[in-house]
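Reader: I should like to examine how each term used for this model is justified. Please set every value against its definition.

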Protein chains: 2
Amino acid sequence: MPELVLPPRTRMTASRRAVVDAIGAHEGAFTVVEIFDVAREAHPALGLATAYRTVELLRRTGSVHPLGGGSYVRCRPDHHHHLVCVTCGGVEETELCAAPSDAELRKRHGFRAQGHELDIYGVCKRCA
Amino acid sequence: MPELVLPPRTRMTASRRAVVDAIGAHEGAFTVVEIFDVAREAHPALGLATAYRTVELLRRTGSVHPLGGGSYVRCRPDHHHHLVCVTCGGVEETELCAAPSDAELRKRHGFRAQGHELDIYGVCKRCA
DNA sequence: ATAACTGCAAACGGTTTGCAAGTCT
DNA sequence: AGACTTGCAAACCGTTTGCAGTTAT
C-alpha cells in the first residue's frame with residue numbers, strides 16, 4: 001500500500017486529514033473536485049482551495065501523480081516506466097506516467113483498469 | 001503516414017488548410033495554441049477559435065488524439081494499445097491512448113520520444 | 001441559393017491567489 | 001508568540017460559444 005505523505009514542515013490538520021483520507025479510500029484515478037466532494041462529507045467546512053492545496057502537497061512528495069486533464073492517481077512504489085533508446089538499445093526508467101483514465105476505459109470498453117505498463121521508444125540523451 | 005481527415009459534410013477552407021498543414025508538419029505532441037501560432041504564419045487572419053474548432057473536427061475522425069493536459073498527438077494507424085484481462089487472459093485493443101508529453105520527456109530525461117507501447121491490466125467486461 | 005464557415009468578443013469553468021481570521025506547537 | 005493553515009472571493013487563463021458577416025459548393 002503506498003503511503004500518502006505530506007512534505008516536511010507541514011501540519012496534518014483536520015482539513016488535510018479529510019482530503020488525504022478521501023484519496024486513500026479512492027480506487028483509481030480521481031479529480032480534485034471528486035475528492036473534495038467526498039472529503040467534505042467528513043469535514044463540511046472544507047474549502048475547495050484547500051483540497052487543491054493539499055493535492056499539490058501530496059504531488060510534491062510523489063504520493064500522487066497528475067495524469068493530465070485534471071486527473072490524478074496515487075503513485076505505487078512499483079509503478080515506473082521505461083524509456084527505450086532505439087539507437088543504443090539502452091533502457092532508462094522514468095516516473096513520468098500517463099494513461100487513459102479509468103472512467104474512459106470503463107465507459108468505452110467496460111474495462112476496469114488495475115495497472116499498466118508503458119514503454120516509450122525514442123532517442124536517448126547520449127545518442128541525440 | 002497517417003492522414004488528417006475532416007468529417008463528412010465539412011469544407012476544406014483556407015483556415016482549416018493552415019491548421020491541418022501545421023499539424024501535418026509538426027513532430028510529436030502539440031497544443032492548439034502552438035499549432036495556432038504556426039498556422040497563423042501561413043494564414044494571418046486565422047482566429048484562435050477556428051484552430052480549436054478544426055482540431056476538434058480532426059479528433060472526431062480519429063486523426064488526432066487528446067493526451068490530456070491540453071496536448072494532442074496525430075494518431076498513427078498502427079498506434080493502438082492492449083487491454084489485458086487479468087481474469088480470463090483475453091486481450092482487447094483500444095484506440096484510447098495517453099503518454100507523457102514529448103516536452104516533459106525532453107526536459108526531464110533529454111529523451112526524444114518517437115512512439116510507445118501501452119498495456120493496461122484489469123478486468124474485462126465479461127469477467128466483471 | 002444556402003448551408004457551412006469565419007473572426008471577434010464575451011462568456012465559461014476549472015484552478016490559483018491574496019488576504020484577514022483562525023489554529024497548531 | 002509565531003509560523004502555518006484556513007475559507008472566502010476575486011483573479012486568472014485556456015477553451016467554448018453566440019453572432020453577424022463571409023465563403024464554398
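Reader: What makes Ser15(A) a residue in polar contact with a phosphate oxygen of DNA strand D?

Author: An N or O atom in the side chain of Ser15(A) is 3.2 Å from a phosphate oxygen of DNA strand D. A polar contact is a pair of N or O atoms within 3.5 Å (within protein, one must be able to donate a hydrogen and the other to accept it, and residues adjacent in sequence count only if both atoms are side-chain atoms), so the pair qualifies. The model is predicted: local features need pLDDT of at least 70 and side-chain atom pairs pLDDT 80 or more, while totals for chains, interfaces and linings use all residues. Residues are numbered from 1 along each chain as its sequence is written, chains are lettered from A and ligands numbered from 1 in the order written, and side-chain values use heavy atoms, without hydrogens and water.

Reader: Which base atom of DNA strand D is paired with the side chain of Arg53(A)?

Author: It is a base nitrogen, 2.8 Å from an N or O atom in the side chain of Arg53(A). For Leu46(A), a backbone N or O atom lies 3.4 Å from a phosphate oxygen of the strand.

Reader: Which residues come nearest to DNA strand D, and what makes a residue count as near?

Author: A residue is near if one of its heavy atoms lies within 4 Å of the strand. Of the 19 residues around DNA strand D, Arg11(A), Thr13(A), Arg16(A), Thr50(A) and Tyr52(B) come nearest. Of the strand's atoms within 4 Å of the protein, 67% belong to sugar or phosphate and the rest to bases.

Reader: How do you know how much area chain B and chain A bury?

Author: Buried area is the accessible area (1.4 Å probe) that two parts lose on being put together, summed over both. For chain B and chain A this is about 3100 Å², 63% of it on carbon and sulfur atoms. In contact (heavy atoms within 4.5 Å) are 37 residues of chain B and 37 residues of chain A.

Reader: What is the count of salt bridges between chain B and chain A?

Author: The count is zero; a salt bridge would require a side-chain nitrogen of Lys or Arg within 4 Å of a carboxyl oxygen of Asp or Glu.

Reader: Why are the two copies described as related by a two-fold rotation axis?

Author: Superposing chain B on chain A (least squares on the C-alpha atoms of residues with pLDDT of at least 70 in both) takes a rotation of 179° with 0.1 Å of shift along its axis, at RMSD 0.2 Å. The copies are therefore related as by a two-fold rotation axis. Moreover, 100% of the interface residues of chain B are also interface residues in chain A, so the copies meet through the same surface.
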